[in-house]
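Trainee: Could we go through this structure together, part by part?
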Amino acid sequence: WHSDMYEYQGFWYDSMLLQGLILAQDLFRAQSSDIFLCSHPKTGTTWLKALTFAIATRTQFDESSSPLLTKMPHDCIPSLELDLLKLLNQRDPETHFLATHFPYSSLPKSIIASGCKIVYVCRDPRDTFVSIWKFAEKILFKHTEPIPVEEAFEMFCDGVSHYGPYWEHVLGFWRASLESPEKILFLKYEELKKDPTSYVKKLADFYGHPFSVEEEEKGVIENIVKMCSFENLSNLEVNKTGKHMLDTPFPIENNLFFRKGKVGDWKDCLTDEMAERLSQIVEQKLSGSGLTLTKTQNLVSVGTMADASVNFASDKTSWWHSDMYEYQGFWYDSMLLQGLILAQDLFRAQSSDIFLCSHPKTGTTWLKALTFAIATRTQFDESSSPLLTKMPHDCIPSLELDLLKLLNQRDPETHFLATHFPYSSLPKSIIASGCKIVYVCRDPRDTFVSIWKFAEKILFKHTEPIPVEEAFEMFCQGVSIYGPYWEHVLGFWRASLESPEKILFLKYEELKKDPALYVKKLADFYGRPFSVEEEEKGVIENIVKMCSFENLSNLEVNKTGKHMLDTPFPIENNLFFRKGKVGDWKDCLTDEMAERLSQIVEQKLSGSGLTL
């Protein structure tokens, strides 16, 4: 999946899903009337959602008016892990059907304690693997170098895949269904495909919405089966051309959820040896459970966050094309907010740490490069520095984006870390440990334009662009990632006045004006001052030159490389090197816009002693 995977409670996740799981376990409260559609990825989730939604809404809509004709199934029934913040913040009281891929043993305790119902669907593991692989090919390998199917297959057989091991995922729900058959309905995709009419009726009975004799005579069941068939859903315009947002700024084309839906599709992808090996593994893992998923000759037999206080004030859809949440006075999308809450609860700073803090697009990349060059100057010079082959964000980790790495396997030599979190929301250990902080700010007009241009490159190639005027309005209202901008700056400014020996406050424009002076100042602050000999040898000037915008932006790694952000969606390195120019706002903002933002910031900073 081209991202780090973490084992937690016996199953594997990438960082975003793991953060969602931990938050869900701590914060989600199920209701007794809830019904959860559970599954491992690529085992029939989309179809189960469609059938369920059609069954539940059949008295409101028929096959000619159903929302399924204009919305894809994943937009009709929310996902616990991907829509968690929406569910916590503004859950519709009529929303009782929810979905999740979480394994049974990791479900939030309230789901089990509330006695709500669960439907679980599983599938032949060979088809499951192939479906996952084909999905990865479409959404990941267009961004990165493909991984051979043989290598991915090995990992799947080792149990290392999203929400895996697959057999343990299935077994958890299977055993629970044996203990509580009135609460947990266990289905096999192949049986559902073989006789969908019987299973639609069975689902309706289980949901407490049985079909009446009159409905059966009118063919309502058959109409639902036809409307939700793979052939019908896959040919709807919404599922051919639409996109699914997943509560992130990176949408996925709806058509990727409708590939084949075919039983036995593995035969076109796996060798006989691969298929036989996986069958044997699964057969061994399920031994003694009473459950079978494969037959060698054919298909399927019949057969910890404590006391997190989340005060969601409101949410808005922003120019980032994802819902934004206000938390502790600042705005975040769901992924960043989950990272913040986890960092506040789990991260423990060391007194030797030095944090590079900033609002996005205020000089973070340059500050990281200068800092790394200063800190490693006795190991490397301008001809051997890792900065020549790694982009600055890969040299100094980010608290929010690399949190799980830092918690799991932090290098004892890693003392420089970075974050965009505002001062008032930093994990308490950062302040308590007395570690040092460097903060860089920038003219808010250039900051807005840089954010806007960045959004244009990474977001608007996926979605319809939002007019710059609309984005500007939201920025002026303080609604942007990690905003309001002025509050972000003020938090660090006031802290620097109180503890100047611990917090160094910088302005991007001053750094640009005399970089050599500030490189020396940074080295002194870091407790690694330049010696007289180093100064005479021109070490400071060499660092400035190596880390200059012109030099960094022309390095091959920053022209053609990609930054993974610990997610499967990489961002091209060149997007972090646009202009780095002071006063760039003049080419984008009208005089009226620039004047308005200046007045807002002047008013917000009034009396602080700070001017931007």
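Mentor: Certainly; what follows covers confidence, the two sheets, a helix pair and a single residue, all in a predicted model.

Trainee: What average pLDDT does the protein have?
Mentor: The average is 86, and 89% of the residues score at least 70.

Trainee: Which elements have the lowest and the highest mean pLDDT?
Mentor: Strand 9, residues 315–317, has the lowest mean at 51. Strand 14, residues 436–441, has the highest at 98. In addition, the pLDDT stays below 50 over residues 295–315. That stretch has 64 contacts in the model beyond near neighbours in sequence.

Trainee: Now to the sheets. In what order do strands 3, 4, 5 and 6 lie?
Mentor: These four strands form an open sheet in the order 4-3-5-6, with parallel pairing. The edges are strand 4 (97–100) and strand 6 (184–188), each of which pairs on one side only. From one strand to the next, the twist averages 20°.

Trainee: How many bridges link strand 3 and strand 4?
Mentor: Four bridges join them in the parallel sense, strand 3 being residues 35–39. Within this pairing, Leu37 stands opposite Ala99 of strand 4.

Trainee: Which strands of that sheet does helix 7 touch?
Mentor: Helix 7, residues 166–179, packs on the sheet and touches strand 3, strand 5 (117–122) and strand 6. Its direction makes about 135° with that of strand 6. Helix 9, residues 196–207, also packs on the sheet, touching strand 3, strand 4, strand 5 and strand 6. The direction of helix 9 makes about 165° with that of strand 6.

Trainee: Staying with helix 9, at what angle does it pack with helix 11?
Mentor: The angle is about 110°, and the axes of helix 9 and helix 11 (residues 220–227) are 9 Å apart. The two helices are therefore roughly perpendicular to each other, since angles from 65 to 115 degrees fall in that class.

Trainee: Which residues meet there?
Mentor: Helix 9 contributes Pro196, Thr197, Val200 and Lys201, which meet Ile221, Glu222, Ile224 and Val225 of helix 11. By class, this contact has five nonpolar, one polar and two charged residues.

Trainee: Let us move to the other sheet. What is the strand order there?
Mentor: Four strands form an open sheet in the order 13-12-14-15, and the pairing is parallel.

Trainee: Why is one side of strand 13 and of strand 15 left without a neighbour in the sheet?
Mentor: Strand 13 (416–419) and strand 15 (503–507) stand at the edges, and each has a single partner strand, so one side of each lacks a neighbour in the sheet. The twist here averages 20° from one strand to the next.

Trainee: How many bridges are there between strand 14 and strand 15?
Mentor: Five, in the parallel sense. As one of the details, Val440 has Leu506 in strand 15 as its bridge partner.

Trainee: Which helices pack on this sheet?
Mentor: Among them is helix 21 (residues 485–498), touching strand 12 (354–358), strand 14 and strand 15, with its direction at about 135° to that of strand 15. Helix 23 (residues 515–525) packs on the sheet as well, touching strand 14 and strand 15. Its direction makes about 165° with that of strand 15.

Trainee: One last topic: where does Leu88 lie?
Mentor: Leu88 lies in helix 3, residues 84–90. Its relative accessible area is 26%, so Leu88 is partly exposed, a class that runs between 20% and 50%. The C-alpha atoms of Leu88 and Leu27 are separated by 7.8 Å, although these residues are 61 apart along the chain.

Terms used
Residues are numbered from 1 along each chain as its sequence is written. This is a predicted model: local features need pLDDT of at least 70, side-chain atom pairs count only at pLDDT 80 or more; totals for chains, interfaces and linings use all residues. Side-chain values use heavy atoms; hydrogens and water are left out. Two strands pair if DSSP finds at least two bridges between them. Axes are lines fitted to C-alpha atoms, for helices over the stretch in contact, and angles run from 0 to 180 degrees between N-to-C directions. Contact means heavy atoms within 4.5 Å. pLDDT is the predictor's confidence in each residue, from 0 to 100. Angles under 35 degrees count as roughly parallel, over 145 as roughly antiparallel, 65 to 115 as roughly perpendicular and the rest as oblique. Ala, Val, Leu, Ile, Met, Phe, Trp, Tyr, Cys and Pro count as nonpolar, Asp, Glu, Lys and Arg as charged, and the others, Gly among them, as polar. Buried means under 20% relative accessible area, exposed over 50%, partly exposed in between (1.4 Å probe, protein chains only).
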